[in-house]
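Let's take a stroll through this protein together. Keep the picture in view and follow along as we go from the whole chain to one single residue.

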Amino acid sequence: MWCYQRSVPLTRKTIPRKNDLTAKFYQYILLKNKVGAFALNYLIKDRGINMTSIKDFRIGYAPNSWDILSKFLKSKGYTEEELVLSGVAVKRNSGDGVIDKFRGRVIFPLISLDNKVVGFACYGHRPLTIG
């Protein structure tokens, strides 16, 4: 598939690979990083979601950071253009670069019938914060 105003194709394999890596990154933050501890506690204690469901549904947490995911994905070889076209980042209003679309949110990967991550949804109308 060719994307609008793009000289390099975003294939049906490229976006799901990037999305899978994004889902793993967010879940790692939720389960293994101290930044995600508050969100994990919120899901388990306040929302009654058990650890099995968190792992099965690949729930994650996007830290309240402007560009942590973008930096991670760029370190894995993805371009800013790919991040914007696939929907995980947006161009900055001023200056160069991109910012992460999701910040301070619990993240739910949208999984297709063939078990590929095709997108993301987030919980909350405002960032999830401590306190």
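Reading along the sequence, you meet helices and strands in the pattern α-α-α-β-α-α-β-β-β-β. That gives 5 helices and 5 strands. Keep in mind that this is a predicted model.

Now for the chain as a whole. The protein has 131 residues, and 39% of them count as buried. About 8,300 Å² is exposed, with carbon and sulfur atoms supplying 53% of that area. What about contacts between parts of the chain that sit apart in sequence? If you take the contacts with a separation of 6 or more, 56% of them join residues 24 or more positions apart.

**The sheet**

Which strands make up the open sheet, and in what order? There are 3 of them, arranged β1-β4-β5 with antiparallel pairing. At the edges you'll find β1 (60-62) and β5 (117-123), each of which pairs on one side only. On average, neighbouring strands here are turned by 40° against each other, if you ignore direction.

Zoom in on one of these pairs. Strand β4, made of residues 105-111, pairs with β5 in the antiparallel sense over 6 bridges. To find a spot in the pairing, look for I107, which stands opposite C122 in β5.

Next, add a helix to the picture. Helix α1 covers residues 14-32 and lies across β1, β4 and β5. How is helix α1 angled to β5? Helix α1 runs at about 35° to β5.

**A closer look at S86**

Our last stop is S86, which belongs to helix α5 (residues 80-86). Is S86 buried or exposed? S86 counts as buried because its relative accessible area is 19%, and the cut-off for buried is under 20%.

So who does S86 meet? Leaving out residues up to four places away in sequence, S86 touches I15 and K18. Both of the side-chain distances below start from S86, and you can try finding them in the structure.

| From | To | Distance |
|---|---|---|
| S86 side chain | K18 side chain | 3.3 Å |
| S86 side chain | E82 backbone oxygen | 2.8 Å |

The K18 entry is a polar contact between two side chains. In the E82 entry, the side chain of S86 reaches a backbone oxygen instead.

Here's a way to tie things together on screen. Start at helix α1 (residues 14-32), lying across the three strands β1, β4 and β5. Then move to S86 in helix α5 and pick out the residues S86 touches, I15 and K18.

How values were computed: Residues are numbered from 1 along each chain as its sequence is written. This is a predicted model: local features need pLDDT of at least 70, side-chain atom pairs count only at pLDDT 80 or more; totals for chains, interfaces and linings use all residues. Side-chain values use heavy atoms; hydrogens and water are left out. Helices (H or I, at least four residues) and strands (E, at least two) are DSSP runs, numbered from the N terminus. Buried means under 20% relative accessible area, exposed over 50%, partly exposed in between (1.4 Å probe, protein chains only). Contact means heavy atoms within 4.5 Å. Accessible areas come from the Shrake-Rupley method with a 1.4 Å probe; for residues, only the protein chains shown count as cover. A polar contact is a pair of N or O atoms within 3.5 Å; within protein, one must be able to donate a hydrogen and the other to accept it, and residues adjacent in sequence count only if both atoms are side-chain atoms. Two strands pair if DSSP finds at least two bridges between them. Axes are lines fitted to C-alpha atoms, for helices over the stretch in contact, and angles run from 0 to 180 degrees between N-to-C directions.
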